[in-house]
Amino acid sequence: MKQDMIVILDLGGESNSALARQIRALGVYSEIYPHDTTVAQIKAMPNVKGIILSGGKNNIVDGRAIDIDPAIYDCGIPMLSLKHPTERCKCADGLNDALLESFLFSDAKCEKNWNMENFIADQVELIRRQVGNKKVLLALSGGVDSSVVAALLIKAIGKNLVCVHVNHGLLRKNEPEEVVRVFRDELGATLIYVDAVDRFLDKLNGVEEPETKRKIIGAEFIRVFEEEARKLDGIDFLAQGTIYPDIVESGTKTGKSVKAHHNVGGLPDDMKFELVEPVKYLFKDEVRACGLQLGLPESMVYRQPFPGPGLGVRCLGAITRDRLECVRESDAILREEFKKAGLEGKVWQYFTLIPDVKSVGVRDDARSFEYPVIIRAVNTVDAMTATIERLDWDLLDKITNRIVNEVKGVNRVCYDLTPKPTGTIEWE
Ligand code: XMP
């Protein structure tokens, strides 16, 4: 293994994620573990050069004072204790870079060897060790996380990774084609492409209620994926794009900070897969850096957040094929114009949606009765609240012009000025 590691033991510390990031920023890899991690577990981890006890208020959690496995104090690995007074090792009340650097590089004798190249090399080795010459299945949505996992696994086990891409008809323009092009044509993946468009749209036919739509899309997705999995022989592993924020809760309470593995996306119990989660210790920006290093296109790596139910929640009310096409085409125009205006990557999320209502307009000197399209462009840190991007008027003008002229069936464009709250980012 190429990377040194610092283990952060969570004794109720309130900023373990930030601490892990601070250590990584200094060029040393680190992971967070619950306070009851045993000395045997730590010894089994590769290249552990130091341990940091990350304590919180009096190290009391759920009314109970806590400490670590006492044998850890004598295991010979340099230790630093934060807000966890102990006579057994060096203690500090807070942590600045100077103190941290002195611990990392003088006491723990770490090398600055945390970088993407080494991470990828280590993961490739770990994946090969875990999987051997068996097969791994992956649901490849085209989202950042699953794409990076696919690229890593292709590097590690090549054709023994079997990717399944389900096109549910609710993806953005050219997305399914892009997934097939990048993974099958360029990276040589074993990729099963499932055209489930009719199946999804039939199931959704006439369904208006947003939550019911979401449930149908989610359940049908698992059904399709499961059917494909059953057709395949000899698959023992399932890869998932779990990332670190999915595992580490911010503001943790010790012991609960590191959650158990996610369940296998709702697959039935009789399908027994072991999980492969090679990016589960990466933060989002690190996942992107990993993707770039593996040669994925920027459009995939910097893809803006896109809801699982896709355009299904942007085609309001009962989904119809004509309106779905309107939202897909207008969204493509919006993204193209944002890119040209240099806004790609600057505005957090932007898309169009279409309500289920027509309005009167005029086209070629005649009355028209067509749909409006609504533009949404928001900025946020955590998606819990959001503000509206103050778009340039000329840009709005240009986008409006293109949409009403290029998208068949649309005669009006509106800009949603509602922050979250009171609006949510999506309309459904
Ligand atoms: P709301 O509409 O709740 O959206 O303000 C907050 C963020 O979450 C995204 N979103 C989803 N992401 N599955 C996802 O993976 C979903 O079902 C889902 N619904 C909303 C939304 O696009 C926004 O970024």
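**Two sheets and the helices around them**

Let's start with a pair of helices: α4 and α5 pack at an angle of about 65 degrees, their axes 9 Å apart. That makes α4 roughly perpendicular to α5, a label used for angles of 65 to 115 degrees, with under 35 counting as roughly parallel, over 145 as roughly antiparallel and the rest as oblique. On the α4 side, the contact is made by Phe-119, Ile-120, Gln-123, Val-124, Ile-127, Arg-128 and Val-131. On the α5 side, Leu-152, Leu-153, Lys-155, Ala-156 and Ile-157 make it. Contact here means heavy atoms within 4.5 Å. The crossing of α4 and α5 is right-handed, which says that the near helix is turned clockwise from the far one by less than a right angle; anticlockwise would be left-handed.

A word on where this comes from: the model is predicted, local features need pLDDT of at least 70, side-chain atom pairs count only at pLDDT 80 or more, and totals for chains, interfaces and linings use all residues. Residues are numbered from 1 along each chain as its sequence is written, and side-chain values use heavy atoms, leaving out hydrogens and water. Helices (H or I, at least four residues) and strands (E, at least two) are DSSP runs, numbered from the N terminus. Axes are lines fitted to C-alpha atoms, for helices over the stretch in contact, and angles run from 0 to 180 degrees between N-to-C directions.

Staying in helix α5, look at Ala-150. Its relative accessible area is 0%, so Ala-150 is buried (under 20%; exposed is over 50%, partly exposed in between, with a 1.4 Å probe and protein chains only). Who surrounds Ala-150? Setting aside neighbours within four places in sequence, Ala-150 is in contact with Leu-138, Leu-140, Leu-161, Cys-163 and Phe-183. Ala-20 sits 130 residues from Ala-150 along the chain, and their C-alpha atoms are separated by 25 Å.

Now for the sheet that α4 leans on. There are 5 strands in an open sheet, ordered β10-β9-β8-β11-β12, with parallel pairing; two strands pair if DSSP finds at least two bridges between them. β10 (190-195) and β12 (274-276) are the edge strands, each pairing on one side only. From one strand to the next, the twist averages 30 degrees. α4 packs on this sheet, touching β8 (135-139), β11 and β12, and its direction makes about 165 degrees with that of β12. Strand β11 (residues 235-239) is joined to β12 by 3 bridges, and the two run parallel. Phe-237 has Glu-274 in β12 as its bridge partner.

Another open sheet, also of 5 strands, follows the order β2-β1-β3-β6-β7, again with parallel pairing. β2 (29-34) and β7 (90-92) stand at its edges with a single partner strand each, so one side of each has no neighbour in the sheet. Its twist averages 25 degrees from one strand to the next. In this sheet, 4 bridges join β3 (residues 48-55) to β6 (residues 79-82), running parallel, and Ser-54 stands opposite Leu-82 in β6. α1 packs on the sheet, touching β1 (5-11), β2, β3 and β6, with its direction at about 155 degrees to that of β2. Helix α3 (residues 97-107) packs on the sheet too, touching β1, β3, β6 and β7, and its direction makes about 150 degrees with that of β3.

Helix α10 (residues 284-293) is next. Which of its residues are buried? Glu-286, Val-287, Cys-290 and Gly-291 are. They cover an arc of only 145 degrees around the axis, which puts them on the same side of α10; the arc is that of the directions from the helix axis to the C-beta atoms. The cover over those buried residues includes α1 (16-25), α4 (116-131), α5 (144-157) and α11 (298-301). After α10 comes Gly-295, with a positive phi near 90 degrees.

Two more helix pairs round things off. Helix α7 (residues 197-204) and helix α8 (residues 210-231) pack at about 145 degrees, axes 10 Å apart, in a right-handed crossing. Arg-199, Phe-200, Lys-203 and Leu-204 are the α7 residues that meet α8. The axes of helix α12 (residues 321-340) and helix α13 (residues 393-406) come within 10 Å and cross at roughly 150 degrees. α12 and α13 are therefore roughly antiparallel to each other, and their crossing is right-handed.
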